[in-house]
Amino acid sequence: MALPEAGPHFLSDGIGVMSKTTVRDVDMEPEPSASPEQPAPAPRAEGASRAFALLLVITGAAGVLAAWVITLDKFKLLEAKVRGETFVPGCSLNPVVSCGSVMESDQASVFGFPNPVLGLVTYGIVVCVGMSLLARARFPRWYWLTFNAGTLFGVVFCAWLMFQSLYRINALCLWCSLAWVATIIMFWYVTSFNIRKGYLPAPGWLRSFFGEFTWVLPVLHIGVIGMLVLTRWWDFWTS
């Protein structure tokens with residue numbers, strides 16, 4: 001009597017059809033790839049182009065320069081007050097373009113210390129980020145979004161200062177204006193980067209727009225501010 005050969009077993013399903021069952025078919029052990037001890041994939045990191053890195057370095061340096069000059073003039077203004085003298089900053093050219101009037105206002109120390117001190121720190125960070133990108137550094141999504149949030153705070157704060165300067169202090173500071181322009185440019189280009197990389201959710205048409213026409217938004221933004229300055233003192237400029 002012949003013994004059955006080892007191997008797959010055939011079982012009847014009760015209606016005359018045979019089905020083959022193997023050990024692998026009934027194995028309930030999880031696959032090795034599904035092991036809970038397997039580490040999660042590392043977050044995606046992104047670098048940036050040389051042009052974008054240079055833009056951050058240049059705008060950050062412009063902001064540092066403006067903050068540094070205003071800080072020095074603020075110190076000289078305070079020293080002159082202590083001596084009972086009058087100090088006129090070099091950028092105080094006329095009743096409208098008057099840096100001294102802006103420096104002496106309450107709005108010049110919103111957080112309890114001169115605003116340019118904050119600028120020295122924040123614009124310095126922008127320069128450091130730009131230099132790191134030039135060295136081929138790559139940052140994760142959370143870093144880019146945090147950086148974008150910082151530039152958003154900067155552009156909102158500058159917008160508030162613009163309003164105060166034009167309609168409350170009634171004077172314009174040229175160095176402040178340089179810082180405003182630098183902040184606007186860096187904000188729109190950092191936002192464009194995050195949208196194009198998918199870090200900020202946006203429809204496809206908006207991604208395409210930022211990929212081709214990022215420059216349009218800062219130009220329009222700065223143009224609107226220029227028009228506000230022009231119309232605010234129209235009689236002075238045309239007299």
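Helices, as named here, are DSSP runs of at least four residues, numbered from the N terminus. In this predicted model, Phe111 occupies the loop between helix H2 (99-103) and helix H3 (115-134). Phe111 is partly exposed, its relative accessible area being 42%. On the surface, Phe111 belongs to a nonpolar patch that it forms with Val110, Phe113, Val117, Phe153 and Trp160. Together, the residues of this patch present about 510 Å² of accessible area.

Aromatic residues were examined next. The whole structure contains 17 aromatic pairs. In one of them, Phe52 and Phe193, the ring centres lie 5.3 Å apart and the planes meet at 0°, so the pair is classed as stacked. This pair links distant parts of the chain, since Phe52 is in helix H1 (residues 50-82) and Phe193 is in helix H5, 141 residues apart. Both Phe52 and Phe193 are buried. Phe193 also forms an aromatic pair with Trp144, with 4.2 Å from centre to centre and 40° between the planes, and this pair is tilted. Because Trp144 lies in helix H4 and Phe193 in helix H5, the pair ties together parts that are 49 residues apart in sequence. Trp144 is buried, as is Phe193. Phe52, Trp144 and Phe193 are among the members of one aromatic cluster, which also includes Phe139, Trp142, Tyr143 and Phe147.

Helix H4, which spans residues 141-169, also holds Asn148. The relative accessibility of Asn148 is 7%, and this residue therefore counts as buried, the cut-off for that class being under 20%. The side chain of Asn148 makes a polar contact with the side chain of Thr191 at 3.1 Å. When neighbours within four places in sequence are left aside, the residues in contact with Asn148 are Phe187, Val190, Thr191, Asn194 and Leu200. Thr191 thus appears both as the polar partner of Asn148 and in its list of contacts.

Charged side chains were considered last. A search of the whole structure yields four salt bridges. Glu46 takes part in a salt bridge with Arg44, in which the closest N and O atoms are 2.8 Å apart. The two partners differ in exposure: Glu46 counts as buried at 15% relative accessibility, whereas Arg44, at 46%, counts as partly exposed. A salt bridge also joins the side chains of Glu46 and Lys197, with 3.6 Å from N to O. Glu46 is located in strand S3 (residues 45-46) and Lys197 in the loop between helix H5 (174-196) and helix H6 (204-213), so this pair ties together parts that are 151 residues apart in sequence. Lys197 is partly exposed, with a relative accessible area of 31%.

Another salt bridge is formed by Glu85 and Arg83, whose closest N and O atoms are 3.3 Å apart. Glu85 has a relative accessible area of 46% and is partly exposed, while Arg83 counts as exposed at 54% relative accessibility. Through shared partners, salt bridges join Arg44, Glu46 and Lys197 into one network.

Methods:
Residues numbered from 1 in each chain as written. Predicted model: local features only at pLDDT ≥ 70, side-chain atom pairs only at ≥ 80, totals over all residues. Heavy atoms only, no water. Helix = DSSP H or I, 4+ residues; strand = E, 2+ residues; numbered from the N terminus. Buried < 20%, exposed > 50% of the residue type's maximum accessible area, 1.4 Å probe, protein only. Polar contact = N/O pair within 3.5 Å; in protein donor to acceptor, adjacent residues only side chain to side chain. Contact = heavy atoms within 4.5 Å. Patch = residues over 30% accessible without salt bridge, like charges linked within 9 Å, V, L, I, M, F, W, Y side chains within 5 Å. Areas by Shrake-Rupley, 256 points an atom, 1.4 Å probe, with all protein chains shown as cover. Phe/Tyr/Trp six-rings, centres within 6.5 Å; stacked < 30°, edge-to-face > 60°.
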